[in-house]
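This briefing is for a reader who is new to the structure. Please look over the sequence and the 3D view before reading the points below.

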Amino acid sequence: MHNILIVDDEVGILESLKGVLEDEGYKPATAVSGEACLDAVRKRPFDVVLLDIWLPGIDGLETLAKLKEMEDGPEVVMISGHGTIETAVRATKLGAFDFLEKPLSLDRTLIVVKNALERKKLRSENRDLKRNLPATVIVGDSVPMKALRQQIALMAPTNGRVLIYGESGTGKELVARAIHAESLRKESPFVEVNCAAIPEDLIESELFGHIKGAFAGATADKTGKFQKADNGTLFLDEVGDMSLKTQSKVLRTLDEQRFTPVGGDEALTVDTRVIAATNHDLEEEISRGNFREDLFYRLNVVPFYVPPLRERKEDIAILARHFLKEFSAQYSRHTKEINDDAVDVLMRYAWPGNVREVRNVIERIVIMNPTVARFERKHLPPLVYRDGSRRSGAEFTSLQQARQAYERDYILKKLDENHGNISRTAEVLGLERSHLYRKMKALQIAVKE
């Protein structure tokens, strides 16, 4: 039986709606104010709240905002006798499911309630699906990846802190999630903080929360990431970019397992496992005075190293086919494949962006070639035809040199696609055959290439 809460300061409307909903087999309850509504929802779960906008005390819109902050909260349908388009738009932006105007049409009210219940059911099913997803998969059969999986299996069930090293795009977050998924805390939250993406003046508030009025713009209490990760895992990504001031407070929190929100005077106690990751050499950062040595030793209990793709090239083909399967399911009804020639091209590329770059390239070719069932080398983007070096642009002394390098790569790709046929390649490029020959000679491309 579905629980529905009716919130209105008019007794007649409360009694009328309650009777109608009971007749439909629902289990309704009533409240006459926003405060009473919030108190009722905290005490028992409701599927739908029918909420009047004009209420004594806190109004309906403020009550709506507080309801939407609750995890797995009810669907909210707003009611108003003085509705305006502006009010309806604001309510929708705050997360209201629908908007009803007084005098209420009972037929429409019942339809909206039914739809809201269906929405609530879908949200619950989606949440359950996420909870039941298989453990995070670390893809790769190379020796370093097998060793990494063994290390995760050994370390995950403990409460030891982990510091994950690796270049950008190698999959440090994936490793952190795998550790959490195999830990004793797997039923509790995994909370991520990207320390490099949050401005220095906001990072403390993000990590430790704040109380209303703690600083300009703090219009309401905020729960910090340490508190959200209580009994779970907090992942501090790019920890090397954290300011020294914030490092000091994180160090105290790790030592004491307690902290005080910004602007607060009461310490909160938490039980949070911390996993950190960085693409910096933290020992070098310590010598430069950018990172606290004592915090480094607190975090670096068990170091993990995620190798770049150039150190495990045998995993490139496995990753490409893994992502192809993922994106085929996402963007197409049919399973797509990639032939060995195309895989050979992928194997020769340096992948400076590591696993993330492989993922992006495979997603791109699936999206850009919706009717292709089996991908060939001609479907690959020009960038993967570069030689094994990582071109940052620093090796070029002029724009002309950079342009020539790109032209050479592009012409080689087109020649390869057309199996070395000069006439066909010239036609594809929109050039005269003689012009292409001159280009090839100028760019030092031999026909045999």
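Angles here run from 0 to 180 degrees between N-to-C directions, and axes are lines fitted to C-alpha atoms. The model is predicted. The points below cover a sheet, a helix lying across part of that sheet, and a pair of helices in contact.

**The sheet**
- Five strands form an open sheet in the order β2-β1-β3-β4-β5, and their pairing is parallel.
- The edges are taken by β2 (27–31) and β5 (98–101); each has a single partner strand, so one side of each is left without a neighbour in the sheet.
- On average, neighbouring strands of this sheet are turned by 20 degrees against each other, direction ignored.
- β1 (residues 3–7) pairs with β2 in the parallel sense over 5 bridges.
- Opposite Thr 30 in β2 stands Ile 6.

**A helix across the sheet**
- Helix α2 (residues 34–43) lies across β1, β2 and β3 (48–52).
- The direction of α2 is at about 165 degrees to β1.

**Two helices in contact**
- Helix α8 (residues 200–208) and helix α10 (residues 244–256) have axes that come within 9 Å and cross at roughly 15 degrees.
- That angle makes α8 roughly parallel to α10.
- The crossing in which α8 passes α10 is right-handed.
- From α8, Ile 203, Glu 204, Leu 207 and Phe 208 meet Lys 245, Thr 246, Lys 249, Val 250 and Thr 253 of α10.
- The residues of this contact between α8 and α10 comprise 4 nonpolar, 2 polar and 3 charged.

Note on methods:
Residues numbered from 1 in each chain as written. Predicted model: local features only at pLDDT ≥ 70, side-chain atom pairs only at ≥ 80, totals over all residues. Heavy atoms only, no water. Helix = DSSP H or I, 4+ residues; strand = E, 2+ residues; numbered from the N terminus. Parallel < 35°, antiparallel > 145°, perpendicular 65-115°, else oblique. Left-handed = near helix turned anticlockwise from the far one by under 90°. Contact = heavy atoms within 4.5 Å. Nonpolar A, V, L, I, M, F, W, Y, C, P; charged D, E, K, R; others polar. Pairing = 2+ DSSP bridges.
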